[in-house]
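Subject: Structure handover

Hello,

Here is the structure I promised to pass on. Please open it first, then read the notes below.

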Amino acid sequence: MTATQDRPAAEIGKDRRRKEDQRLITGRTRWTDNITLPGMLHLAMVRSPFAHATITSIDTEAAAASTNVVTVLTGKDFGEELGACINAWPITPDQKTPAHSPMPADRVAFAGEIVAVVVARSAAAARDAAELVDVEYDELPAVVGIKKALEDQVLAHPDLGTNKSALWVFDSGEAGTGSDVEAAIETARADGIVIEREYRQQRLIPAFMEPRSVVVDPTSEQLTMWSATQIPHILRFALAATTGVPESKIRVIAPDVGGGFGGKLQTTPEEMIAWGVARRLGKPVKYTETRSESLMAAHHGRDQVQTLTLTADKDGKVTGLKVHLDADLGAYVAIVGGGVPVLGAFMFNAIYKFPAYRFECQTVLTNTTFTDAYRGAGRPEATYAIERLMDELAAEVGVDPLEIRERNWITHEEFPFTTVAGLEYDTGNYEAATAKAKESFGYDELRREQAERRERGDRVQLGIGVSTFTEMCGLAPSRVLGSLDYGAGGWESASVRMTPLGKVEVVTGASAHGQGHETAFSQIVADRLGVPFEDVEVLHGDTQVAPKGLDTYGSRSLVVGGEALVKAVDKVIDKAKVLAAHLLEANADDLDYADGRFTVRGTDQGKAIQELATATFAGHDYPEGMELTLDADATYDPVNFNYPHGTHLCAMEVDTETGAVKMRKYTCCDDIGTIINPLIVAGQVHGGLVQGIAQALWEEAVYDDAGTLVSGSFVDYLLPTAADTISFDVVHTDDPSICTTNTLGTKGVGEAGTIASTPAVVNAVVDAVRHLGVSDVQMPCTPERVWRAIHAHDGAA
Ligand code: MCN
């Protein structure tokens, strides 16, 4: 490694405004829907209004005869031609996985499933004609909700014979990572504390700003798909694998993408249909969903029921945790559908030293939109459960919630620490993060105010919510993912090319959709290579430009993709050193590299990296055997996950007469190691917090018994705006020297806020009214639910 790590970082840690924002906020960008190609046709989808029905006939005549309509195609018209949607890699060998056609010909399994596509010369003509497609259905009984699904009375897919898709189990006794949880329960029942609870993770909708959109151009030998996707590389793989077209003939481009939050981590039926229509007609096509379609048919997240048993001794030292999870997959097993709760399995023990742990997850199929990753994917659900339980334990023991956590957490001297779930946490200092959060929050003062309000019997009570967290992010070590039967690995790639004039082109396989990689990655290269920030151009999101990669999710881009970048830069420097030594007639060992310049130690003789780039372009004078041009590729596959952590504190005011809640203060102290760009990190934390708080207080996707989504618009699905939240107090601790998974000492941040905030808020709401006999409020904590919880025992509710 030649880069001078001792040089003071000029760019890393700087509040750089995002390069990409100029074009994004002035509308000078190419969203997929802005793309117009000569002769392009437009698609509208005809979707089933029924959750479960047999398609008896489809009359397309009136629609096909409409002005500007080119054709109307159904599942029957396509036959096998459309390929199949990529289903999940099974989480157990005997997983029940229903066949998932992008456009079924005979039976629909959720409301919103596509039964026909109208192809027209304008989007308006396609939408109007879609109304004229006459589909006759024979309605079948629909199964909605986990409880009903488990009964197996009504089947989401009758051919499977059950709604139970897979049962995945981890037991620390069997795995040899801990002791037997049943024995811990027995002991605690005899002489200790047993806390049994059931928590519900309501279904959420990712609700990204830019609805999904896809354009396919089949007019040249190489088929091109533009898609508002998080995963251009995985999408190209899926298209090739399911349709037989070689990857070399497929180019997938994710232009600027307006958010995803896990919701665009999918190879969608809409993409497959657009692909099929374009190939069949030989013309470019475009499909952009409406907001209603997006809420109804883009995948949903969460939707679990958690049945939990926590055992402890009388001092509140946890002795075991048993988790049974029922997870609603919806109608199909989506790309990481079953993998989401399994990811959560490793996080229920969170920052704690639990001696015994058992986790069972039963995934079920229902006649609802399929579920998959939503910001945090498995980890927010697990964190919610354990952080709610720790508060219940504190109440039982009669100590402060922070005290109970301290009695159980891994102390900083104990790292590296192998958890009861089998992960090796390389780094963490929960004491430091908690102390800093406490101070910044004014914990003791707020506790005093809370006591005063209780004493006075104020109508508005104050609650203080605590939540600590860690997460396995930086997805991830490919070998570990392989051992969990995930289909894809977790490596990432980067290329660094110096242009003849000494500028730098960086190619990354990560695919940003709002995270600001162009800016943060430029900062890394500027520092490491010693070139001006403005001279670095970051290219991504196009399989032709960036052919290798595994895209963006699981807070992996910086800790995996950023490290690949560091490796590529270092290779460029090594290569340049050989040329510098040649041109300076010096021994390579006598050269120092700093601020983009090689100097012969002890002299003022030197060469700038830019001069060397130009010299390789000219090619007039270079050492024998050197490969011309200053460029290098690198991949990085970490050996472990990456473990950011933090302590979040929330103060909520609760009106005990109306049940209305109001946030008063929110402080989070996250340890994310070295911060590349504090401004970007603040944005990531703020956005993440709002999404987690929204789960606690506002958002819920609701189906009626027939399987109709009744929260199918933003009138019913309460997506918060900035005006609904307060100004957050965001602080950090870090100890990069002991973060072992990358040389920058960074930890991921993209999901941190979402993971920790939901339990912090609910703990605060419960804490405000615990003295009134409340020990739980189901999410979202609407005024009605809070009011009912307060009056649960007095007959008023
Ligand atoms: N960063 C930094 N210093 C750190 C950690 C991160 O400067 N110590 C910067 C990174 O350079 C990057 C950003 O913060 O610009 C996020 O980095 P990272 O934690 O690596 O997360 P990813 O880039 O892999 O993004 C994925 C993550 C996930 S999983 C979801 S979900 C999510 C999120 O990012 N969806 C988002 N943030 C989002 N932000 C926007 N605007 N839109 C989404 O859909």
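Two strands count as paired if DSSP finds at least two bridges between them. Keep in mind that this is a predicted model.

By that rule, β7 pairs with β15 (residues 357-365). The pairing is antiparallel and runs over seven bridges. Within it, W168 faces C361 of β15.

These two strands belong to an open sheet of five. Its order is β7-β15-β14-β13-β8, with mixed pairing. β7 (164-171) and β8 (193-204) are the edge strands. Each has a single partner strand, so one side of each lacks a neighbour in the sheet. From one strand to the next, the twist averages 10 degrees.

Helix α12 (residues 379-397) lies across β8 and β13 (301-312). The helix runs at about 145 degrees to β8.

Next, an annotation. The unreviewed UniProt entry marks residues 329-352 as "transmembrane region". In the model, that stretch is 29% helix and 8% strand. Its end C-alpha atoms are 29 Å apart.

Now the ligand. Which residues come nearest? Of the 35 around the ligand, they are G514, A520, S557, I676 and G750. Elements giving two or more residues to the shell are α17 (517-529), α18 (557-583) and α20 (678-697). The largest share, four residues, comes from α20. By class, the shell has eleven nonpolar, 20 polar and four charged residues. Domain 1 (21-28 + 491-636) and domain 2 (426-471 + 642-790) each supply at least three residues to the shell.

Best wishes

How values were computed. Residues are numbered from 1 along each chain as its sequence is written. This is a predicted model: local features need pLDDT of at least 70, side-chain atom pairs count only at pLDDT 80 or more; totals for chains, interfaces and linings use all residues. Axes are lines fitted to C-alpha atoms, for helices over the stretch in contact, and angles run from 0 to 180 degrees between N-to-C directions. Two residues are in contact if their C-beta atoms, placed from the backbone, lie within 7 Å. UniProt positions are given in the numbering used here, feature names are shortened, and annotations may be inferred rather than shown by experiment. A residue is near a molecule or strand if its C-beta atom, placed from the backbone, lies within 6 Å of it. Ala, Val, Leu, Ile, Met, Phe, Trp, Tyr, Cys and Pro count as nonpolar, Asp, Glu, Lys and Arg as charged, and the others, Gly among them, as polar. Domain bounds come from an automatic or database domain assignment.
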